[in-house]
Amino acid sequence: QVTLRAGVELNARQVNQYTLILRAACPNEDEVEQRLFVRVTMGQVLRCDTPFTSAEGDVVQVLADVAPRTPLYAVLLQPLGGLMVSGSCPRSLQTLQFRLQNHDTPLTLTRRGLVLAPADGFDPSKDTQIFRLEIEVMDRHGHNCSGVVRVEVLPSRRPHVTFTEPQRDVMVPEGTGPLEVITQVHASGNNVRYTILAPVSPMLFTIDESEWGTEGLRITLSLSPSRCKAVHSPAVTGEIRSTRWLEVAHAQLLIQAYNVLSPTDHATVTLNVTVQRTNWQAPSCIPAISVSQVAETVSPGSTLVTLRCTDSTGSEESLHYALEGPPASHSQFRMEGPQLQVNTTLDYDTEAMASMGFQFMATIVVTARGKPPQSTHVPVLVTVTPVNEFTPMCPNDATFTVLETVAFGSTVGHVAGIDRDYPPNSLEYSLEGGPGLTQPFSIDTHTGEIRVVGSLKSQQCKSYRLSVRLTDTHNDLNPAKRRSRLCDVTVRVQAVPDQAPICTPEVQELRITVGSGGRQPVTRLACQGSPDGATLAYSITAGNEDRHFQLEGNTIFFLPNDLAEPHTFVLLVEVWDGPGALRRSTMVALVVHATPWSTTVPPSTTTWRTTLQKEPLVITQMEVVWHPPAWFVAMLTISSTLLLAALGCVARRWLCR
């Protein structure tokens, strides 16, 4: 049995005959082969295509803003496709009947198999909508086929008609003539048109909704099987013009913008039109100039001055206030209506503020709205005053060391206090308790320099703790608002050994006989230094002007020379503990009687005489010396030269006579 395979469709126009080769064989016999010819003839059966006849049906997607009664689908042999008829001629297509089996849909099916959009169009406010159409097709022979078409209505991708702002104020100068442009409105969207809803009477304004222009040129393609043409649509400007000469008045316009293809898509805007009187007089302000003084601690937002300004009509509502001036004034101050306010903190204690002289200059510009606009300038001068905000601070390290042997008035150190108020570090220094026996120091009021004004004994007191008061100055307009702080200063007294070298004896009288040989030893000094065993140093400080003596260590030598007669030398030798910043020394006096070898003298003897140690006698000799400055010497020289020249001229003239 030969059957037709499932799902196969025969088309006599494409293949009208098939040749089948059949082979058969029995057991133990040869195979037999035969051919079977199957001829396909044309029939009258209707056959629909697969998408249309499937369970889900054919799907069509359209936008919600499609025009009413727009063809959406065609159950015909057209580019949109839908039905394929096999075994019939084209004339038989005209005898097909299309019937909509379900009637719960707003879509329409025409006699020619076209599915049309609703007469009122789709509702654009809804989300995706789905309509199912069950369609039956029947020819004149009673053959039929049926299918399903699903129409999905998608939300519109086109923007809705909207205004950027729902209300706007428009100022029109007095004397505006007919058909002059007052303002222009603009709404976003497609196919936008404008109309004035109110007021209807009197008709003071008109809106322009059809003016030819290149910016609003819209090209609409009209498609047809035979041709396509471009249709130009007028550009919509939205310009509002006056219909008569405008006087001082106020009007409120309600403007509507709508989509001409979808009138339900619309929006409105309210225009408040005010006709202003022509202004020829500048505003009047009180005060005409502002000079104010403000403390640096004033908080931002504080009002410095409030202007009272009026225009030519005596009104304050149409005035605009602006601040002009250097960038520093713009950043420090702002205008809030007629009020000049502080914008940021005014810090007096900065170099930038000092470079400006602690003053800000600006100008408030008051402008009256009108045509033409008139302005008044109010100069402003703001002076920032200091406020003592910070307490002085003590230095980090206030410890000094001084030798107990320093002279009266010597400097111990400087106390460097810190004050962050401007001018920086403007301080006065004072010593609590003042100078005395228990506090042998004084402090300079302005520099903070500590000096010694008494005797220092490390054995009595090795360290002094001073209380120095720091008081700020010139940091506030009120002198009573001064801040101070007590600082502890430590002065350590460094001990200095007070034992000078001891020499025995301190005064010697010697007699020597001078020969012609080499150098001759005179004496050796016997001195003892400090207990720590420091090396002693010796030096001839006086009496050796002719270089007759030489000192090596503690031994004094006499150098040979041409001494012809006896001579007495008086030498002073200084003995100290060696190198150091502070040294204590002892003076040894030597009286040397030198006698030449050729002179008859008694035998040479040396006499030792020792004197008791005495307290050193300090002799102060003051010498007054006048050192004139260089300019005085130059002026004196020039004056003397001119005087001599004048005297020479007088003498020459007298001699000539």
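**Exercise 1.** In this predicted model, find which side chain makes a polar contact with the side chain of His 593.

*Solution.* Start at strand β47, which spans residues 585-596 and holds His 593. From the side chain of His 593, look for a polar partner: the side chain of Glu 509 lies at 2.8 Å. A polar contact requires N or O atoms within 3.5 Å, and the 2.8 Å pair of His 593 and Glu 509 is counted as one.

**Exercise 2.** Decide whether His 593 is buried or exposed.

*Solution.* Take the relative accessible area of His 593, which is 17%. The cut-off for buried is under 20%. His 593 is therefore buried. For the whole protein chain, 34% of the 657 residues count as buried.

**Exercise 3.** List the residues that His 593 is in contact with, leaving aside its neighbours within four places in sequence.

*Solution.* One set of partners is Glu 509, Leu 510, Arg 511 and Ile 512. To these add His 567 and Thr 568. Glu 509 is also the partner in the polar contact. Now turn to the chain: among contacts with a separation of 6 or more, 66% join residues 24 or more positions apart.

**Exercise 4.** State what secondary structure the chain has over residues 630-651.

*Solution.* First check the record: an unreviewed UniProt entry annotates residues 630-651 as a transmembrane region. Next read the model: this stretch is 100% helix and 0% strand. Its end C-alpha atoms are 32 Å apart. Finally, set this against the protein chain, which has four helices and 47 strands.

Technical notes. Residues are numbered from 1 along each chain as its sequence is written. This is a predicted model: local features need pLDDT of at least 70, side-chain atom pairs count only at pLDDT 80 or more; totals for chains, interfaces and linings use all residues. Side-chain values use heavy atoms; hydrogens and water are left out. Helices (H or I, at least four residues) and strands (E, at least two) are DSSP runs, numbered from the N terminus. Buried means under 20% relative accessible area, exposed over 50%, partly exposed in between (1.4 Å probe, protein chains only). Contact means heavy atoms within 4.5 Å. A polar contact is a pair of N or O atoms within 3.5 Å; within protein, one must be able to donate a hydrogen and the other to accept it, and residues adjacent in sequence count only if both atoms are side-chain atoms. UniProt positions are given in the numbering used here, feature names are shortened, and annotations may be inferred rather than shown by experiment.
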